[in-house]
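Q: I am new to this structure and would like a close look at a single part of it, followed outward to whatever surrounds it.

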Amino acid sequence: MKFLTKIAFKNLFRHKLRTFISIIAIAFAVMIVVFARGFIVGMIDSVFADQIQYYSGHIKIVDREYQQQERLLPLNYPVDGLAGQGLNEMMDSLKGIENVEMVIPRLKFGAMVSTGNELVAMSGWGVNPIQEFQFTNIEDQLVEGRMFQPGQREVVMGTGLLAKLNHQVGDKVTILSNTAFNSLKGVTFKIVGRLASGLKLLDEIVFYLPLDQAQSWLYMDDQSTELLLVTSNRGLVDQVLPEVKELLASRDAEERYLALGYQETSDLLPYMELAKLIYNQIYIFLVLLASIVVINTMIMIVKERTKEIGMMSALGLESKNILQLFIIEGGIIGIIGSLLGALLGSIINEYFAVTGIDFSSAMAGFSSELVFNSIIYPVSSTANTVFAFILGVIVVTIACMIPARRAAKLEPTEALREI
Amino acid sequence: MSLLELKGIRKVYHQGKIEVPALRGVDLTIEEGEFTTVFGPSGSGKTTLLNMIGCLDKPSSGVITFAGRELGQLSKKDLAMLRRYNVGFVFQSYNLIPVLTAYENVEFAVRLTTKGREKELRERVMAILAAVGLEGLEARKPNELSGGQKQRVAIARALVKEPKLVLADEPSANLDSQTSTEVLEVMVKMNQELGTTFIFSTHDPQVMDYAGRMIEIRDGQISEDKRREGQYVSD
Ligand SMILES: Nc1ncnc2c1ncn2[C@@H]1O[C@H](COP(=O)(O)OP(=O)(O)OP(=O)(O)O)[C@@H](O)[C@H]1O
Ligand SMILES: [Mg+2]
C-alpha cells in the first residue's frame with residue numbers, strides 16, 4: 001500500500017502539464033466554492049442581521065392592529081404598557097424573562113419636509129440612543145458629525161435623504177408630522193450627523209431622533225410603536241418566545257399585543273435557509289464538473305498504461321490493488337487541487353470580508369423598503385474552507401472510481417498484448 | 001511430483017465470429033529445476049502457452065496443475081497470489097515501471113511478497129541486482145538504461161522473490177546477439193544456482209543452445225520435445 005502510494009505519487013510527475021491542468025481545474029472549482037459559499041453565507045448573515053437589527057429584533061411586540069397597518073406607520077395603536085401600568089413597567093417585566101438581554105422601544109412615524117418646490121416623505125425613528133447603539137451597528141455607519149443625544153432636538157439622517165432635502169450636517173430643518181391627535185405639527189431640528197449604511201431604507205427614508213423628542217412631538221409620552229426584545233443569540237428565540245406570550249397572557253394582554261419571532265417577520269428568511277441547502281448541491285455539481293477534467297485525463301492515462309497494468313497483474317497485484325493505485329493517484333490530485341483552491345478561496349474571502357463587495361449600482365432599482373444591504377461582506381470561516389476542501393477531495397476521489405475501475409477490470413493478457 | 005502438468009490444453013480465441021484455435025491439445029509435464037525453451041514459428045502459440053502456465057489466462061479446455069494445485073479451481077484472487085509468490089515473468093518489451101529506478105522496480109516485487117526488515121530487503125535487492133550485473137546502476141530509471149540492462153532489471157525483478165517458476169516470453173528478441181547471450185547466461189546461472197525452473201520462448205536458434213530441454217510448437221501442438229544430454233556447460 002505504501003509502495004502503491006509511492007508509485008501513484010511518482011506517476012503524477014510523468015506528464016507534469018497534464019497533472020498541473022487537472023490540479024488547476026480542481027483548485028479553480030474549489031476556490032469558487034469557497035468564495036461563493038463565503039459570499040452567500042455573508043449575504044444571508046447580513047440579511048438576517050439587518051432584519052433583526054433594523055426591523056424585528058429577536059422578538060418584536062406590536063399592537064395587533066398596528067401589525068395590519070404597519071406600512072402606514074399609524075400612531076393610534078401604540079405599545080403603551082400592560083393593564084395601564086405604563087411602558088416602562090412593561091419593559092421591566094419583559095426584561096425579567098430569562099435570556100432577554102435588552103428591551104428596545106422604537107417610535108416609528110411618518111414625516112415630511114418641504115424643500116420649497118416639493119415635499120419629501122420620510123420616516124422618523126425615535127429611539128433610545130444608548131440601547132440602540134449597543135444593539136445595532138448604526139453608530140459605525142456615521143460618516144460625518146456625531147450621533148444625536150437624548151433630550152436634544154437633534155436628528156441624524158442618511159446621505160441619500162440629506163441630498164434629497166438639499167441639506168448638510170449642521171443645518172437646521174423643520175419637519176412636519178401628524179401627531180397622535182391627528183394634528184399637523186412641525187418641529188425644527190438640528191442635523192448633527194450623516195449616515196452611510198448601504199441599507200437603502202436607512203440611507204434615503206429614515207431619520208433618527210431621540211425617543212423623548214419623538215414622544216413629546218407626537219403627544220405620545222410613555223408610548224412606542226414597537227418593542228424589540230434582544231436575546232443573547234438568535235437561537236434562543238424559540239425558547240424565549242413562549243415565555244413572552246405567557247407573560248402577555250398572564251397580564252391579559254394577549255388579545256392586544258402580538259409577539260413575533262424574527263423568522264415570522266419576513267417572508268424572505270425561510271427561503272434564505274433553503275437557499276443555503278440548494279447552494280450546497282450546486283457546489284457538489286461544480287466540483288463534479290471540474291472532476292470531468294480529471295476523469296478524462298485518467299481515462300487517457302489508463303489507456304497509456306495498459307501494458308504496465310498488465311505487468312502489475314503478472315507481478316501478482318490484485319484488481320483491487322490496481323483500483324487503489326489509480327484512486328490514490330486521483331486522490332492526490334484532489335487533495336493538492338482542493339488544498340490550493342481552498343487556500344486561494346479563503347484568501348479572496350479574507351480580502352473581501354474586509355473591503356466588502358459593493359452592489360449599490362446594481363441594486364439602484366430595488367425598493368427602499370427592502371432591508372437588504374448593498375455592500376456584501378463575504379464571511380471567511382475555517383468551517384467553510386474545510387468544507388470546500390473535503391468536498392473537493394471526496395468528489396474527485398469518487399470521480400476517479402470511473403477510470404480506476406476500467407483499469408482494474410483489464411484482463412492481464414489483454415493488457416499485456418497492447419502495443 | 002512435477003511442478004507443472006498440462007493435460008489436453010486447448011485455447012480458442014474469438015475474433016468476432018471467427019474462432020482462432022491457438023492451442024490444440026497440449027500435454028506437457030515440467031519438472032522442477034528444468035531450463036526449457038519453447039520455440040516455433042510466429043503464431044504457433046508460444047505466448048498463449050506461457051500465459052496459461054503463468055496463470056494469466058485460462059484454457060478453453062484442459063487441466064493445468066501447478067505444484068499440485070489445479071488452476072481451474074482457483075479464484076481470481078488465488079491466481080493473483082499464485083503469480084505473486086510462485087511465478088516470475090520476463091517480457092520481450094521489459095515492461096518496467098518507468099517512474100521507478102532499477103532498484104525500485106525490483107523492490108516492488110519483494111514488497112509484494114516479503115514483510116522482512118528494511119535492511120534485509122535492501123540487501124536482497126542489491127544482491128540480485130549485482131548477480132545480474134547491474135551493480136552501480138541501481139538508481140537509474142528505465143529510460144537511462146540500455147535494452148540489455150533493462151532486460152536484466154526485469155530478470156532481477158522476476159527472480160528476487162525466488163519463485164518456483166520463471167516464464168520469459170522472447171526475453172532476447174529486442175536485444176543484439178551479444179547482449180542476448182549475456183542475458184541468457186544470467187538466466188542459466190540463476191537456474192543452476194537457485195534451481196529455479198525456467199521456461200522461455202524464442203524463435204532464435206542461437207538462443208536454443210542454452211536450453212536443457214527444447215519443445216517445438218507448430219500450429220498449437222507440440223511437434224517435438226527433446227532433452228539435452230547432461231547439464232548445459234558454458235563455454
Ligand atoms: N487475443 C487474441 N485474439 C485472437 N487471436 C489471438 C489472440 N492472441 C493470439 N491469437 C492468435 O493465436 C495464435 C497464437 O498466438 P501466440 O501469440 O500464442 O503466438 P506466438 O507463438 O507467441 O507468436 P510470436 O512468435 O509471433 O509471438 C495466433 O494465430 C494469434 O493470431
Ligand atoms: Mg509470442
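Is A:Lys6 buried, partly exposed or exposed, and what is its relative accessibility? Please take the contact between the chains as the starting point.

A: The model is a predicted one, and every value below is computed from it. A:Lys6 counts as partly exposed, because its relative accessibility is 29%, a value between the 20% under which a residue is buried and the 50% over which it is exposed. The side chain of A:Lys6 meets that of B:Glu104 in a salt bridge, with 3.2 Å from N to O. This pair crosses between chains, running from helix α1 (residues 2-11) of chain A, where A:Lys6 lies, to helix α3 (residues 102-113) of chain B, where B:Glu104 lies. B:Glu104, for its part, is buried, since its relative accessible area is 9%.

The salt bridge belongs to a wider setting. Across the interface of chain A and chain B four salt bridges are found, and another pair between the chains joins B:Lys77 to A:Glu318, with their closest N and O atoms 3.6 Å apart. The contact involves 23 residues from chain A and 25 residues from chain B. About 2200 Å² is buried between chain A and chain B, and carbon and sulfur atoms give 63% of that area.

On the chain B side, a residue in helix α2 (residues 76-86) of chain B can be added to the picture, namely B:Asn86. B:Asn86 counts as buried because its relative accessible area is 16%. Leaving aside residues up to four places away in sequence, B:Asn86 touches B:Phe66, B:Pro163, B:Lys164 and B:Leu165. Elsewhere in chain B, B:Arg122 lies over the face of B:Tyr103, at 4.9 Å from the ring centre.

Charged pairs also occur within single chains, and over all chains a search of the whole structure finds 29 salt bridges. One of them joins A:Glu144 and A:Arg194, whose closest N and O atoms are 2.7 Å apart. A:Glu144 lies in strand β4 (residues 142-145) of chain A and A:Arg194 in strand β7 (residues 184-195) of chain A, so this pair ties together parts that are 50 residues apart in sequence. Both partners are partly exposed, because A:Glu144 has a relative accessible area of 33% and A:Arg194 has one of 22%. In chain A there is also a network of salt bridges that links A:Lys60, A:Glu70, A:Lys108 and A:Glu226. A:Lys60 has a further partner, for it lies over the face of A:Tyr55, at 3.7 Å from the ring centre.

A:Tyr55 leads on to helix α2 of chain A, which covers residues 16-56. This helix has 41 residues and reaches 57 Å from its first C-alpha to its last, close to the 60 Å expected at 1.5 Å a residue. Just after the helix, A:Gly57 takes a positive phi of about 60°. A:Phe35 and A:Phe39 belong to a cluster that ring pairs build together with A:Tyr351 and A:Phe352. A:Ile348, a residue of helix α12 (residues 319-355) of chain A, touches A:Met31 and A:Phe35 when residues up to four places away in sequence are not counted. Although A:Ile348 and A:Phe35 are 313 residues apart along the chain, their C-alpha atoms are separated by 7.0 Å.

Aromatic pairs offer a last view of how parts of chain A meet, and the search of the whole structure finds 17 of them over all chains. A:Phe109 and A:Phe207 form one that is edge-to-face, with 6.0 Å from centre to centre and 85° between the planes. The pair links distant parts of the chain, since A:Phe109 is in strand β2 (residues 100-114) of chain A and A:Phe207 in strand β8 (residues 206-210) of chain A, 98 residues apart. A:Phe109 is buried at 1% relative accessibility, and A:Phe207 is buried at 0%. The rings of A:Trp125 and A:Tyr208 have their centres 5.7 Å apart and their planes at 80°, so this pair is edge-to-face. With A:Trp125 in strand β3 (residues 119-127) of chain A and A:Tyr208 in strand β8 of chain A, the pair ties together parts that are 83 residues apart in sequence. A:Trp125 counts as buried at 3% relative accessibility, and A:Tyr208 is buried with a relative accessible area of 1%.

Terms used:
Residues are numbered from 1 along each chain as its sequence is written. Chains are lettered from A and ligands numbered from 1 in the order in which they are written. This is a predicted model: local features need pLDDT of at least 70, side-chain atom pairs count only at pLDDT 80 or more; totals for chains, interfaces and linings use all residues. Side-chain values use heavy atoms; hydrogens and water are left out. Helices (H or I, at least four residues) and strands (E, at least two) are DSSP runs, numbered from the N terminus. The expected span of a helix is 1.5 Å times one less than its number of residues. Rings of Phe, Tyr and Trp (its six-membered ring) pair if their centres lie within 6.5 Å; planes under 30 degrees apart count as stacked, over 60 as edge-to-face and the rest as tilted. Buried means under 20% relative accessible area, exposed over 50%, partly exposed in between (1.4 Å probe, protein chains only). A charge sits over a ring if NZ of Lys or CZ of Arg is within 6 Å of the ring centre and within 35 degrees of the ring normal. Contact means heavy atoms within 4.5 Å. Buried area is the accessible area (1.4 Å probe) that two parts lose on being put together, summed over both.
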